[in-house]
Each structure stands twice: as structure tokens, then as C-alpha cells.
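Colleague: I should like to learn how to read the fold of one chain and the way two copies of it meet. Could you take me through the model?

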2 protein chains.
Amino acid sequence: MKVTPWEVEGSVDYDKLIKEFGTQKIDDRLISRIRKHSKELHMFLRRGFYFSHRDLNLVLDDYDKGKGFFLYTGRKPSGPLHIGHLTPMLFTKWLQDVYDVNLYIEITDDEKFVFDRNTDWKQIDAWAEDNIKDIAALGFDPDRTFIFKDREYVRHVYPLILDVARRVTFSTVKAVFGFTSESNIGQIFYPAYQMIPTMLEKKRCLIPCALDQDPYFRVQRDVAEAVGYNKTSVIHSKFLPPLQGVQGKMSASMVDTAMWLTDDEKTVKKKVNKYAFSGGQATVEEHRKKGGNPDIDVPFQWLKILFEPDDKKLKKIEDDYRSGALLTGELKAILIDKVNKFLEEHRKKKEKVDIEKFMKTGKLAQKMWETYYE
Amino acid sequence: MKVTPWEVEGSVDYDKLIKEFGTQKIDDRLISRIRKHSKELHMFLRRGFYFSHRDLNLVLDDYDKGKGFFLYTGRKPSGPLHIGHLTPMLFTKWLQDVYDVNLYIEITDDEKFVFDRNTDWKQIDAWAEDNIKDIAALGFDPDRTFIFKDREYVRHVYPLILDVARRVTFSTVKAVFGFTSESNIGQIFYPAYQMIPTMLEKKRCLIPCALDQDPYFRVQRDVAEAVGYNKTSVIHSKFLPPLQGVQGKMSASMVDTAMWLTDDEKTVKKKVNKYAFSGGQATVEEHRKKGGNPDIDVPFQWLKILFEPDDKKLKKIEDDYRSGALLTGELKAILIDKVNKFLEEHRKKKEKVDIEKFMKTGKLAQKMWETYYE
């Protein structure tokens, strides 16, 4: 097992990761607190996909006391989105609905620019617009959500970025982000901006993300109080597996085994049938006799994590697959159908979305464009 | 001799420095080209105070071809100005008058902020305002001069800063600026912003500065063309000596032996009489007999560099001092009178100056606030 912000390799032992990363498990007490606030617990929580946290209890305390909190997530506009990118966004949307809180979405055009010397702003802006449409299509509250591109908002937060930056040494970013002496000074500086959305309000910030991203926010927790803000809270998910197997994490660099939001019906069908790692047996006869193994079966895992919210239906699929009553091809067909419905609906919403509301004209956006942080 | 951007120590051998720094001497040919453009050569040039350059010939070529060029200077708002700070500004003013070119003055509030963890924006802004008034009082053309604070202008140049930053490694800034692993990431990033004013026009930029500041612009010359701009030209001065001796360079850290623009008549008199290193003899009798040495006499050097523009008068002072006809006290009195007149006049101009013209409402300022660099 190897888990860093840049790579996830091997069979992941999540309990071990919690110990290594020094985070807390989301225990029954926390789950029951969130259940009290929500009509129905999100499947990500019911099924343990979001499983770890830092200071989530303090966020809930603040909520119960009426202080509230706010959410932060982000996106580097480096290409199209796949369903792995959408996972934390979907959970963030649920949290915003349940807690009725502000959400800040940082589009890190500057990050893309300094990490890729061959790109230009035109290319980055095109991806930014496409990514923002995908994100906004998830239905965030347009009056409580502010989506901004780093280079457009920089005047408002530059003094704050510098107040973070002057408290973070090269040694620190070298250790946490893996920089070397040959890293460029834009890359070295960038983590300061990445921490800023956690300081856009004096309330506590909650960041939903996969556990491998946690190190980025440890530095924030080291400096936030000195700058006059709260240590950020984080709620961590497990990794959405790529089609080729339940080990690792879906990545944009594995073009064929990620599921892109633009994949059409035929592509989805072809990809699942061709690449999805199966827990089934080699022949139908053997499968009927021995049954399949849903724990290592990617189609089943995707249904469990993302595409089958109905617990009873999922249980039946699992039981039938394990017994051999459900064949691999049938299981894949269920997934293909679910994915296609999801993507079709998503693309319809994307066409209708008005990103200006989130970036300029919504209540929160308007307020943010009038605010200067020093 | 030790000359780095942070310290100037010992007796400076300027010819040796030119070799070490790899710059060019301002030779007679260049001098005569500038003489053709100006009614009267500035004393800084006549007397060899500005003595070294990079690509000054290309700047003059561009001027002769009608392409023109522009000027850049800057100030870190970290305290009051002394006359050493004013020296490059005075030369810049002369160049703007002669060549009728645009001038950009960068006020590096961000630099001060990241290099001093104990300061805040209120303190920095107060010094910035005071420094800008002192600078503007020198009489720059308000329609051809743009003075800006880094954090206020950042939105307009951030994409360009990043394009520089992504081409400069930590290794490079470590070598050139003396950073270490314990330097903060704000400090490490800052040099990218410092290079930006050289890229505010597609024309060639000329920077007047003391030779010790040259390394800052070597990095610019390494990356400028890749970003789509010209390598900057630089014209270098020798160092204005502090009162205590002709070695070294006037520094804000030596409070008593710098001459502050706020020093009143009594203070000037007291400082010169008490601290100014003299090339005179121990007693009046000895002085009358052996004469003084103007080459190591700070009052004479200050007259030569800054305060006595009349060559004939200066020559007479030098001859009289060398012969013993002029006593140390008399020489000091000449300087005291000159300095006080200069400072009095400067403070009158400072009171009347309208810095808004340079920062917001002048022709160049207006244009700059409408311009976004990508």
C-alpha cells in the first residue's frame, strides 16, 4: 500500500491509513449526530465510504450551538471530469442541503498553470468553464455557493495568502508536497492559496475529500490559528476504484478505466464490459456453482459507492451475486444502465446551468466580490 | 571587498566589480550618445557615479530608431527614506525628462510583509504613503509615471507573475537571493513579482540602480524572452557612502550615519560635524601645511555625488581642500548648507504633491488600471 497526495497504489488498509495519517474514524456517535440533523443519512455515510475525519465533532458542536460552519472544495481545471471527481462534490452538495451552509469552490487555474509549463490561460479557461458547469449542475444553492478562479479573485485574498505564506517554510512544503530544489517558485508558493478558502469565514471550515488529500490541509492546521482563523476540519472518503480493479484510485491519467462525464451510452457499455474487473467465475457453470465475490468486483463496488442508493436493492444484488444467481454480465448490465441514466440526467442539468449565479450574481458571490481580506 | 544585494563591505574596487558581475563599463561612446540626447549630461554621468550597465546600448539604439523604452524603479516601504534611497530616483527623474518615457515605480508592500513577520498592513501602508510622497515630490511626469502597491495591482499581473514563476526554480532563487530551506514560501515567490515591471511594456526596460542590486535582474534576463518580453537593461551606480566613511554603502540600519529626508537643520549640522569622516589633518596648522584628501573625505564625496552640480565650484572646493586653503570645518559647513537647502526644498514639494495622479488619475495610471496582463 502506498498513499500520498500523488499516488494511491496497492490494496488499501483503511484502518491502518487512519493510524498513519493520524485522523479519527467516523464512529457511531458521530453518525447518529448527523442522522439527527438529516432526514436520511447519505449512502456515503451509511456504507462507510466517508469513514475518517479531523474535528468533525467540533463542526457538529458549532452547528448545534447555532454558530454554523462552511464548506470548501475545489478543482484544478486540467481536463474533463470523471465520476471520481464528482464523488466529493456530491457529498458536499448533500452537506449543504442538510446544514444550509455556505460553500466555497476554488478553481485552481494558477495551480494548473504553474504545474504545466506547456499550458496557457485559454486552454485552462476552457477547462475551467466546462468543469464549473459540471460542478454547478449538481444543484448547489446559488445564493450560498461561491465558485471562483484563483487568478480572478487574487486581489481580494492576496494579503491573506501572504500572511499564510510567511508562516510556511520551504522545508515544510518540501516534506508535505514533495517539492525539490528544481520545483518552480510558483509551485512552491501555490499551497498558500490552496489554504485560503478555509479562512473565508471566521466560522469553522469543513472539507470533504478523499483521504489521500489530507496532507494538504495539515499545513493549514499548523498555521491557521496564528493567522486568526480556525484549524480546518476534514471529512475523508475512501477511494473510488477505477474499472480495472478495486485497488488504487480512479485517475484522469488512466483514460480508459476512468468513467468520464462525457462518455456516451455505447462508451459506457463498452468500457464496463471490457475493462471492469469482475469478481465472477471464469465460466457461467462455475459461477452458478461457486458464486461471485462482490468485494473485489468493481461493478458491484460502484453500485455500492455511487449508483444504487436503495439498500434493499443493493443487498439483493450482493446476495444474488454471491450465490451465483446473478451472473457477471447481468451485474454489469445493471451498472451500465445506472451509469447511463446518471450521466444522461447530469448532462441535461449541465446544459441548463447558469454559472454566473455562482460566480457573480448569487447572494454569496456578490458579497464575496465586495470583500477584501487583510 | 564584499558586495551582495544584502551587504556592501570594505573598500570597493569598481573595475573589479564590473568583471565579477559581468557587466559593461559606461564608456566614452555611450556617454557621447547620451550627451547628444540631453542638453546637459547629468552630474551622475559626468562624474562617473553611474558607471556600469547591461544593454544600455540597445536601449539607446531603440530610442534612436524611434521605438523608445521605459523606466522601472521601486521601493520597499519599510521605513523613512534617506538620501541614498533618493539617488537612483533622482537619476530616473532625469532620464524621464531627457527621453520623455514612461516610468513604473513598484511599491513592494508584499516584500516587506513576507520578510518581516512582525509587521502588518497598517504599518506598511503608512510607510508606503510617506515613501510615495517623497518619491513623487521629485517631480516625475504625472501622466507618464505609474506608482503602484503590489497587493493593489496584483489582479492585473498575477498571470504574468505565474508565467515568470513557473520558469524559476528554488535552486535559482536560492543561489541568487540567498534563500535557505527555512525561508518562507512568500519570500521565495516574491522575486517573480519583482521582475514584472520590466514586462509592463513590449519595449525595452531600463532600470537605474546601485550595482549591488544587479543580481536581482539577472534572473529576469534568463527568463524574460521565454515569457515574451525583452531582457531588461540596467544602468548601475556606485554606492553613496554613509557619513562614517567612503567604504560601504548608506544603509537604513545605520540610523546615525544615514541622512534622512526628515532630518532638520540642527540634526544635519550635528550629524555632519559629529560623524562625517574627514580627509583633513588633525590640526588646523597641519591642514594648512599638508592639505586634506578629498578622495576619502565624505563631505567632499557627497558634494561630488549629490550636492554640488556646478563642476567649476566643485573643482575649486577640491583644489582648495587639497591645498589646505579650505579647512575641514569649512568644507563641512558647505555641505551642511547644501543638504539643508535640498531637504527644505524637498519637504516643501512633498507637502504639495498629489500622489493620486501617479497612482490613479494620471494618463499612464488610468491606462494601467484598465490593463490586464496574461
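Modeller: Let us begin with contacts along the chain, two residues being in contact if their C-beta atoms, placed from the backbone, lie within 7 Å. In chain A, among contacts between residues at least 6 apart in sequence, 76% join residues at least 24 apart. This is a predicted model: local features need pLDDT of at least 70, side-chain atom pairs count only at pLDDT 80 or more, and totals for chains, interfaces and linings use all residues. Residues are numbered from 1 along each chain as its sequence is written, and chains are lettered from A and ligands numbered from 1 in the order in which they are written.

Colleague: What percentage of the residues in chain A is buried?

Modeller: A residue is buried if 20 or more other C-beta atoms, placed from the backbone, lie within 10 Å of its own. Of the 374 residues in chain A, 47% are buried. The C-alpha trace of chain A spans about 70 × 50 × 45 Å along its principal axes.

Colleague: How is chain B related to chain A?

Modeller: Two copies of a chain are related by a rotation about an axis and a shift along it. Here a turn of 180° and a shift of 0.1 Å along the axis lay chain B on chain A with an RMSD of 0.1 Å, superposed by least squares on the C-alpha atoms of residues with pLDDT of at least 70 in both. The two copies are therefore related as by a two-fold rotation axis. In chain B, the C-alpha nearest the axis belongs to B:Arg155, 2.6 Å from it.

Colleague: How many residues of chain B are in contact with chain A?

Modeller: There are 29 residues of chain B in contact with 29 residues of chain A.

Terms used: Buried ≥ 20, exposed ≤ 12 C-beta atoms within 10 Å, placed from the backbone.
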